[in-house]
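Trainee: Before I use the labels attached to a model, I would like to see how each one follows from its value and its cut-off.

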Amino acid sequence: MAFVQFSKVSLAFGERDILKDVSVNLSAGTKAALSGANGSGKSTLMKIMAGELAPDSGQRIAQKDARIVYLPQSGIVHAGCTLRQEADRAFDYGYQLQRELEEIGDALKDSRQKSGPLLERHHQITIWLEESGWYRREAQAEQVLLGLGFSRRDLERQTQEFSGGWQMRIALAKALMQRPDILLLDEPTNYLDLEARTWLEEFLSSFSGGFLLVSHDRYFLDTTVTEVYELFNGELHRYGGNYTNYEKVRQVELESLMATYQQQQQEIRKLEDFIRRFGAKATKAAQAQERQKMLDRLLAQQVQIPESLKKMRFTFPPAPHSGRLVLTLEGVSKSYDGVRQVLSQLDLVLEKGERLVVVGCNGSGKTTLLKILAKEDAAFQGCVREGAGVAVGYFSQDSAERICGSTTVLEYIEGQAPLELIPRVRDMLGSFLFRGDDVFKSLDVLSGGEKSRLALLQLLLRPVNLLILDEPTNHLDLHSKDVLLEALKDFGGTVVFVSHDRGFIQSLATRVLELSPAPEAGFGDEIAITSCGCARNFPGSYEYYLERVAAEAEGREVVPGQLGSGSGAVGSGTTGGGQKGMASPAGGSSTSSSRAASMPSVGALQYEEQKRLKNQRRKLEREEERLMEAIAAVEEEKQQLENQLAQPEVYSDAQKSRQVQAAVEALENQIDQLTAQWEEVSAQLEG
């Protein structure tokens with residue numbers, strides 16, 4: 001069995017110990033995750049394992065011919081050939097063995113050569129080529145590329161045409177095609193959509209070699225690994241089981257660690273206080289010196305708190321009032337080349353408080369739709385209307401990438417913050433783990449995770465009630481994701497988001513919009529509030545959406561009554577059932593029968609009632625929108641008057657100042673009245 005073993009590996013950068021006597025054994029069948037806080041040295045350890053970085057000390061023992069393949073987080077670019085040709089380069093090892101096989105064949109023709117060792121080597125290579133699938137390499141390459149989201153058309157495209165994320169997919173595909181003995185993957189899911197992640201989960205489950213991976217996707221880790229290694233303060237510790245089990249065990253350990261830490265900190269404060277109070281007094285000098293020795297010993301053995309415990313702590317500002325209808329889309333269509341429609345005649349109504357996740361394979365238009373909603377893309381057909389009082393905050397996939405330059409973190413945020421928030425900027429940065437000298441870091445030296453946290457912080461600088469988030473969890477570690485998730489759950493506004501993190505979606509979404517490049521009919525009109533050729537709308541949770549998709553894939557129909565909340569089931573549609581058996585007796589009057597025939601059916605009565613309620617709701621929504629617009633107009637007028645109070649010609653004139661102040665107070669009363677009316681209408685809508 002192929003294996004590679006690292007014993008007592010150590011590495012230091014300056015005075016900081018990155019790795020301290022780390023030992024680990026990886027072999028065929030290993031399915032492990034590498035965990036640790038950002039900056040703990042996970043990528044450094046992987047580079048040492050891959051042989052790309054030499055440790056200061058330690059030993060590496062590997063079985064002869066054991067092959068290790070390493071995929072870094074980013075930075076790989078391909079050019080100069082087609083995707084199919086680039087994929088074939090993953091089989092270079094096989095080509096080398098093929099050439100060696102030919103050389104052995106030539107050597108065996110020479111009778112002077114000893115044939116025994118040559119024949120044995122020839123047999124070994126032949127067996128390896130057959131078992132590795134070498135002769136089926138083209139089919140293997142196509143299977144892996146299609147599984148990771150490439151299309152058959154892409155196979156003949158030049159590799160330099162692909163974007164950075166797709167470049168890393170090519171690199172991942174090549175790493176998998178090589179079928180190494182040990183596979184080292186550093187954040188392989190960063191650039192994968194849900195479909196590609198699912199495919200990768202299945203690939204790793206059946207992978208015959210061993211792998212060690214770093215990922216911030218809890219669901220992906222739970223599905224793929226059977227053990228977890230945590231790197232903490234330079235030391236490596238192993239935990240059996242999946243990632244959730246590791247978190248449970250580690251939580252107990254951390255609670256004990258925190259209790260010890262707090263007790264130790266309390267003792268340190270007592271000693272420091274005694275030394276500070278009595279160190280200068282001659283009568284207490286001996287005791288103070290003894291306390292100093294105790295303090296020195298305590299500081300030398302001080303418990304270190306892992307960075308992962310220093311979580312982000314934030315809540316979004318209170319969402320400003322908005323109307324019940326937040327966004328209305330009518331016939332929205334988008335095409336980049338004039339031929340293929342990315343979006344086609346999309347109709348959608350988004351209501352206050354919803355958390356809508358947009359899902360679909362790559363190229364289905366998820367990012368395009370979010371850009372349209374955020375007014376970043378105006379080149380589309382159709383209409384997008386915002387409701388009254390809607391204020392938008394937008395986080396895009398490249399928000400973090402745009403953060404660059406020699407400006408410091410503190411200067412960058414202060415330059416974007418409103419004047420009233422400037423005194424709080426340091427506290428806000430601290431909540432996002434920019435503490436101490438971190439605020440003076442240049443933007444250019446920030447990691448991907450740090451830039452993502454900074455981009456999220458920008459959303460807190462101005463109150464909004466509609467958050468549009470495109471992959472907000474990219475580059476965030478698991479703890480930061482959890483904090484963001486809780487903040488979004490508590491957010492009082494509306495959220496539209498795209499994410500490839502299944503756990504994040506399951507915990508947040510209250511409604512699913514599925515986009516697909518080509519129209520696909522589903523059964524059960526009760527779920528298709530929107531069915532416009534390229535989109536299907538599923539009210540309810542993400543679990544409900546998956547249940548419906550699974551039912552369609554298996555060719556079965558789920559009974560609406562058995563779906564639970566969010567099924568959106570319609571009525572039976574029975575009409576006239578109450579009129580059966582009402583014919584008049586022989587010779588009797590036909591009045592009853594005629595009256596019955598002229599009476600509206602139960603179905604018709606239900607329709608009329610629904611129509612009345614619908615009209616009533618529309619009136620309330622229009623009234624709500626009118627009130628919101630009126631409040632906004634009065635608030636703007638009030639703001640203008642308040643600005644006048646700051647002008648010298650007004651505040652220096654007592655009479656003018658009183659007049660303006662009286663007008664401001666009158667407008668405040670008007671705002672209070674309008675707000676009370678708005679709250680009453682809003683309550684009726686919610687009821």
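The exchange below takes up one residue and then one helix of this predicted model.

Trainee: Why is Asp181 called partly exposed?

Mentor: Its relative accessible area is 24%, and since buried means under 20% and exposed means over 50%, Asp181 falls in between and is therefore called partly exposed.

Trainee: What makes Arg67 a contact of Asp181, and which other residues are in contact with Asp181?

Mentor: The backbone nitrogen of Arg67 lies 2.7 Å from a polar atom of the Asp181 side chain, and because contact means heavy atoms within 4.5 Å, that distance meets the cut-off. Leaving aside neighbours within four places in sequence, Asp181 is also in contact with Ala2, Asp65, Ala66, Gly209 and Gly210. The C-alpha atoms of Asp181 and Asp65 are separated by 9.3 Å, although these residues are 116 apart along the chain. Asp181 itself sits in the loop between helix H6 (164–177) and strand E6 (182–186).

Trainee: How do you know that the span of helix H3 agrees with its number of residues?

Mentor: The expected span is 1.5 Å times one less than the number of residues, so the 17 residues of H3 (residues 92–108) should span 24 Å, and the end C-alpha atoms are indeed 24 Å apart.

Trainee: What puts the buried residues of H3 on the same side?

Mentor: The buried residues are Gly94, Leu97, Leu101, Ile104 and Ala107. They cover an arc of only 130° around the axis, which places them on the same side of H3. In an α-helix there are 3.6 residues a turn, so residues three or four places apart point the same way. Helix H4 (115–131) is included in what covers the buried residues of H3.

Key. Residues are numbered from 1 along each chain as its sequence is written. This is a predicted model: local features need pLDDT of at least 70, side-chain atom pairs count only at pLDDT 80 or more; totals for chains, interfaces and linings use all residues. Side-chain values use heavy atoms; hydrogens and water are left out. Helices (H or I, at least four residues) and strands (E, at least two) are DSSP runs, numbered from the N terminus. Buried means under 20% relative accessible area, exposed over 50%, partly exposed in between (1.4 Å probe, protein chains only). A polar contact is a pair of N or O atoms within 3.5 Å; within protein, one must be able to donate a hydrogen and the other to accept it, and residues adjacent in sequence count only if both atoms are side-chain atoms. The arc is that of the directions from the helix axis to the C-beta atoms.
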